[in-house]
Amino acid sequence: VLNYASVHPPVHLLRYTVVQDISAVVRALEQGVKKADVDPAVKAVVICGTNGTFSAGADIRGFSSIQAGDRPSLASVIDLIERSEKPVVAAIEGMALGGALEVALGCHYRVAHAQAWVGLPEVTLGLLPGAGGTQRLPRLIGVPAALDLITTGKHVLAAEALKLGIIDEIMEENTIDAAIHLANKVSGQPLNSRRLSLKQVQSLPNMDAILSEALVKVKKQARGCLSPEMCVQAVKASVQLPFTEGIRKERELFNLLLSSGQAKALQYVFFAQRAAQKWTTSSGASWKTASAQPIRKVAVIGLGTMGRGIVTSLVKAKMSVVALEQDQKQLEVGARAVTSLLEREASKMPWIGQRPDACDPALLQFTLDFSVLQDADLVIEAVFEDMALKKEIFHKLSAICKPGSFLCTNTSALDIDEIASATSRPHQVIGTHFFSPAHVMKLVEIIHGRHTSPITIATAMGLAKTIGKIGVVVGNCFGFVGNRMMAPYAEQAVFLLEEGCKPKEVDQALEGFGFNLGPFRMLDLAGLDVGWRSRKGQGLTGPKLAPGTPARLRGRRRYSPLPDLLCENGRYGQKTGRGWYQYEKPGARIANPDPWLHNFLIRYRDAHHIKARFIDEEEILERCLYTLINEGFQILDDGIASDPEDIDVIYIYGYGWPKHRGGPMFYASTIGLPRILAKLQKYSEAHPDIPRMQPSAFLKKLVFLGNPPLKEWMSHAGHQSSKL
Ligand code: 3HC
């Protein structure tokens, strides 16, 4: 853990390596500091990491074994470091995150490499810095800056850390030598002024207002997640209490978070996100056997909402892009939109603007000419959700593009195999389902068709990573994973309106659960015409619907024509200023309840002899969430997703599922599968005409098997049907 090989008398160098067992690191640090303290030959100590990295902090897996009530022993070692009579200097290379930055804060001086970055990301794991970070950082950099870092978990580069006062010196190279030099220089000097625990937090005239505003802000943003609020409480303690009492408060809040269940969910998400990157197909192919091909030039077809966002994401990642439209006018509109998105992104991230090649015209080319796509390494088609149009384009691409180029279709539901059938290279065809707005949303569903080759999957996953997205490999079926699960959820929301709810009541229940947007606000934002077009395509409404079909039945399944009726009235959502809500003007964002809609619902219920009833929040949540989860079990059993973790990552990064609830499948595991099954059975008995409420066979099987933990679910799934 620690090696003493590099001792530079009279400076003692403690070089520590992150290992699985955090307690071993803590023990070794303690021994190292104690040894240096008593060794008269040692005049100062430098603490550094190995292989160019200081440390990423505590082992997250280790938290599950910490019992509430334990004080992380790291805290006492940091106290020991700070109390040392010999100057201790942290030499930060790579990164110092979480507990590692707390170690550095316990040191008397901090030197960092120019490329190093630091941060306290504990809040993102449902915790707070539990080794004195919430008490030392405000004493070092003041309350406003400390609140910003601790409540967001953001990382800052060395230059900013220097400006904030977190570090004392930046080095372009030889950070450890510089730290040794500094240690020699300050050896023998008094240390009290460098001990943060002895400092007072700088007082500000408006401190109360700063703290209460911070609390209001985090509560609003956190949507039920406790850790940001507890971080503010801990920082408040640094202002109001002496150091030792502040530490006690920090420990109390840390223990509270540790036992809240949210920390477990957020830590699960941390690992689920990483697990999703390690895709494997049923044939055994994986990122270990198939490598991503280099992609230098990407072509994007279609500059509508999705195409613009995709082009922006690619250019931000410094990729060479050709954007194609079908006529001059659309090309110009699209080009202007992309330029404005890029400008907006650059203003949010000043360093993009400073990069000379960020918007290099040579990187971004707009064209009407299909033949320019000839030498693209990868093409992303992002036109309308129209199968005939997509097939026509793929047929053309197959003839024009060089043999090695990969052909991706951005679709939210359509059959990848059918699109691939229009080409002579189905093994190089893959679905890339971006989420709107594509330059912001992190998720890309990577849809594996029947013939898609592992190299194509690896390349699409590689591209997602390059452009800062989270790719999740899924199988091919209508709606894939995300939208397939969304369908029963949105369907329930509309059925609830038929039965007596108002859109706002349903939205409030789900926003109270933690969603960014309830289903009706979300549908208004996405545009109601999207689903309408899809339902018309499926023959559920519109000219293809058989004459005489009852309004509220399709076959023997319950159907609600409400969304179709809204569209027939020109109510497409935000963009038309009317949808499930009304807006001040088309494109405005604030959703207001619309008396027209409420009267419309009353007339609709009368016309269909539906007696409105009061529906409580519990029923709203259970019907929407449990039917979504039920579809998730069906998806696992069908082999469309390879793991519950994949589904959870999709829901968190694509659909605004509250992260502190861990995703729908993790949430199901916390509720307990027997309860979910019992509720679905109850609701499906009350609504036998809603087949999606009938519990999936896989869910029943898992309950029968005694509700095994989530990690074991897939060992009981029907693997022979895997679509991956
Ligand atoms: N604990 C356990 N495992 C960790 C870890 C940690 N703190 N940080 C990274 N890992 C693991 C990942 O799970 C992954 O494992 P895998 O290869 O088996 O999938 C591997 O390390 C590599 O991680 P990434 O794939 O994320 O690699 P990147 O290079 O993309 O990112 C990183 C590296 C920036 C360090 C990123 O992993 C990260 O942000 N880690 C979390 C850091 C963190 O939150 N630290 C605070 C811990 S809490 C703490 O210190 C408590 C204290 O206050 C008491």
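Student: What makes the crossing of α27 and α28 a left-handed one?

Tutor: In this predicted model, the term rests on how the nearer helix is turned relative to the one behind: a crossing is left-handed if the near helix is turned anticlockwise from the far one by less than a right angle. The crossing of α27 and α28 falls in the left-handed class.

Student: And why is α27 called oblique to α28?

Tutor: Helix α27 (residues 673–686) and helix α28 (residues 697–704) pack at about 135°, their axes lying 9 Å apart. Angles over 145 degrees would count as roughly antiparallel and those from 65 to 115 as roughly perpendicular, and since 135° belongs to neither range, α27 is oblique to α28.

Student: How do the residues of the contact of α27 with α28 divide into nonpolar, polar and charged?

Tutor: The contact is built from L673, P674, I676, L677 and L680 of α27, together with L699, K700, L702 and V703 of α28. Of these residues 8 are nonpolar, no residue is polar and 1 is charged; the charged one is K700, because Lys counts as charged.

Student: Why are α18 and α24 described with another word, roughly antiparallel?

Tutor: The axes of helix α18 (residues 482–499) and helix α24 (residues 617–638) come within 8 Å and cross at roughly 155°. The cut-off for roughly antiparallel is an angle over 145 degrees, and 155° passes it, which means that α18 and α24 are roughly antiparallel to each other. The crossing of α18 and α24 is right-handed.

Student: Which residues make the contact of α18 and α24, and how do they divide by class?

Tutor: Helix α18 contributes R484, M485, M486, P488, Y489, Q492, A493, F495, L496 and E499, while α24 contributes E619, I620, R623, C624, L625, T627, L628, E631, G632, Q634, I635 and D638. They divide into 12 nonpolar, 4 polar and 6 charged residues; G632 is one of the polar ones, because Gly is counted with the polar residues.

Student: How do you know that strand β6 is largely enclosed by the rest of the structure?

Tutor: A residue is buried if its relative accessible area is under 20%, and 5 of the 5 residues of β6 (residues 109–113) are buried, so the strand is largely enclosed. Both faces are covered, with Y109, V111 and H113 buried on one side and R110 and A112 buried on the other.

Student: What makes β4 and β6 a pair?

Tutor: At least two bridges are needed for a pair, and strand β4 (residues 88–92) has 4 bridges with β6, in the parallel sense; I92 has A112 in β6 as its bridge partner. Strand β6 is also joined to β9 (residues 169–171) by 3 bridges, again in parallel, and here H113 is partnered by M171.

Student: What makes β4 mostly covered?

Tutor: Here, too, 5 of the 5 residues are buried: V88, A90 and I92 lie on one side, and V89 and A91 on the other. Strand β4 is paired in the parallel sense with β3 (residues 44–49) over 4 bridges, and V89 is the bridge partner of V46.

Student: Why are β12 and β17 called edge strands?

Tutor: The open sheet of 8 strands has the order β12-β11-β10-β13-β14-β15-β16-β17, with mixed pairing. Strands β12 (364–367) and β17 (470–475) each pair on one side only, and that is what marks them as edge strands. Neighbouring strands of this sheet are turned by 25° against each other on average, direction ignored.

Student: Which helix packs on the sheet and touches β10, β13, β14 and β15?

Tutor: That is α15 (residues 387–400), whose direction makes about 170° with that of β14. Within the sheet, β10 (residues 297–301) and β13 (residues 378–381) pair in the parallel sense over 4 bridges, with I301 opposite E381.

Student: What is the order of the open sheet of 3 strands?

Tutor: The order is β5-β7-β8, with mixed pairing, and β5 (95–97) and β8 (155–157) are the edge strands, each pairing on one side only. Strand β7 (residues 117–119) runs antiparallel to β8 and is joined to it by 3 bridges, with G119 opposite H155. Helix α3 (residues 99–106) lies across β5 and β7, at about 95° to β5.

Note on methods:
Residues are numbered from 1 along each chain as its sequence is written. This is a predicted model: local features need pLDDT of at least 70, side-chain atom pairs count only at pLDDT 80 or more; totals for chains, interfaces and linings use all residues. Side-chain values use heavy atoms; hydrogens and water are left out. Helices (H or I, at least four residues) and strands (E, at least two) are DSSP runs, numbered from the N terminus. Axes are lines fitted to C-alpha atoms, for helices over the stretch in contact, and angles run from 0 to 180 degrees between N-to-C directions. Contact means heavy atoms within 4.5 Å. Angles under 35 degrees count as roughly parallel, over 145 as roughly antiparallel, 65 to 115 as roughly perpendicular and the rest as oblique. Buried means under 20% relative accessible area, exposed over 50%, partly exposed in between (1.4 Å probe, protein chains only).
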